[in-house]
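I opened this entry to record what I looked up in the structure. The notes follow the order in which I went through it.

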Amino acid sequence: MKRREFVVGSIATAAIGGLATGPVAAQGGFQEGRHYVRLQQPVPVSVPPGKFEVIEFFWYGCPHCNAFEPTLAAWVKKLPADVVFRRVHVAFRPSFEPLQRLYASIESLGLIDQIHGKVFHAIHQQGLRLDKPEAVIDFVVANGVDRAKFTEMYNSFGVQTKVRQGRQLSEAYKIDGVPALGIHGRYYTSPSLAGGEGVPEPEGQVRALALTDQLVAKLRKGG
């Protein structure tokens, strides 16, 4: 979803019937400026030399991020050892901050495997509103997390710092829609960019990840 779509109207729900199972069409035909963007100003990365950073920019309330998550999660499980993956929750407007702080908190507490997928399910399948700190804390506690421990983290300086850094990173990559993928501070793409006009969403998701693999391979060669 584009930033302007969050601001001007409500977001329609979306669903996918399954992944594209055949070969990704024209995997070798990705074009700079069309299917991906080379950043004019490289963004500093937070990985050691010899490693390559891939970032997913997302919003829990975005139906396209929800649809992308199973495909992305399967891809992450197969990443080579030199690729470091992480997520950054965007905040296109102030109302996103409770969920942005939620992700920063579960990341800090090592609870991504336990909680991350449940947040998407709660919002998109159960219709829960997690747009207030109290609702966020109650939800996490209901899913087995200690209230005092989570609340302390949620309100901590460390989480506030992560939120600020996430905003700065989104701005540095010039992210204006999600889901999007930042590749080692040099490139970014997305399912909509990599797929192109008229391409079904599941195929766009697969193409975006295939393109990310290609861009990482290009970086390994110094590109």
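I started with V54, which stands opposite F85 in strand β3. The model is a predicted one, and I read every entry below with that in mind. β3 (residues 83-89) runs parallel to strand β2 (residues 52-58), and 7 bridges join the two. Between them the chain passes through helix α2 (residues 63-76), and this β-α-β crossover is right-handed. I then checked burial in β3: 5 of its 7 residues are buried, so the strand is largely enclosed by the rest of the structure.

Next I placed both strands in the sheet. The sheet is open, with 5 strands in the order β1-β5-β4-β2-β3 and mixed pairing. Its edge strands are β1 (37-38) and β3, each of which pairs on one side only. I noted the pairing of β4 with β5 as well: these two run antiparallel and are joined by 3 bridges. In that pair, I183 stands opposite Y187 of β5. I also looked for what covers the sheet, and found that helix α9 (residues 201-220) lies across β1, β2, β3, β4 and β5. Relative to β4, α9 runs at about 10°.

I went on to the charged pairs. Side chains of opposite charge can pair when their charged atoms come close. How many salt bridges does the structure hold? I count 9.

I took E53 and R86 from among them, with closest N and O atoms 3.0 Å apart. E53 lies in β2 and R86 in β3, so this pair ties together parts that are 33 residues apart in sequence. Is E53 buried or exposed? At 2% relative accessibility E53 counts as buried, because the cut-off for that is under 20%. Its partner R86 is partly exposed, with a relative accessible area of 28%.

The second pair I looked up was R38 with E32, where the closest N and O atoms are 3.4 Å apart. R38 counts as partly exposed at 32% relative accessibility. E32 is also partly exposed, at 44%.

The third was R147 with D138, a salt bridge of 3.1 Å from N to O. Here R147 has a relative accessible area of 42% and is partly exposed, and D138, at 41%, counts as partly exposed too. I also noted that E56, E69 and R87 are joined into one network by salt bridges that share partners.

I then turned to R186. Where is R186 placed? I found R186 in the loop between β4 (180-183) and β5 (187-189). R186 is partly exposed, with a relative accessible area of 27%. Its C-alpha atom is separated by 7.9 Å from that of Q41, although the two residues are 145 apart along the chain. Leaving aside neighbours within four places in sequence, I list V37, R38, L39, P42, Y173, L219 and G223 as the contacts of R186. R38 in that list is the residue I had already entered as the salt-bridge partner of E32.

My last entry concerns a helix pair. The axes of helix α3 (residues 97-108) and helix α7 (residues 157-173) come within 9 Å and cross at roughly 115°. I recorded the crossing as right-handed. From α3, the residues that meet α7 are E97, Q100, R101, A104, S105, E107 and S108. Those of α7 on the other side are V159, K162, V163 and R167.

Methods
Residues are numbered from 1 along each chain as its sequence is written. This is a predicted model: local features need pLDDT of at least 70, side-chain atom pairs count only at pLDDT 80 or more; totals for chains, interfaces and linings use all residues. Side-chain values use heavy atoms; hydrogens and water are left out. Buried means under 20% relative accessible area, exposed over 50%, partly exposed in between (1.4 Å probe, protein chains only). Helices (H or I, at least four residues) and strands (E, at least two) are DSSP runs, numbered from the N terminus. Two strands pair if DSSP finds at least two bridges between them. A crossover is right-handed if, with the strands pointing away from the viewer, the path from the first strand over the helix to the second runs clockwise. A salt bridge is a side-chain nitrogen of Lys or Arg within 4 Å of a carboxyl oxygen of Asp or Glu. Axes are lines fitted to C-alpha atoms, for helices over the stretch in contact, and angles run from 0 to 180 degrees between N-to-C directions. A crossing is left-handed if the near helix is turned anticlockwise from the far one by less than a right angle, and right-handed if clockwise. Contact means heavy atoms within 4.5 Å.
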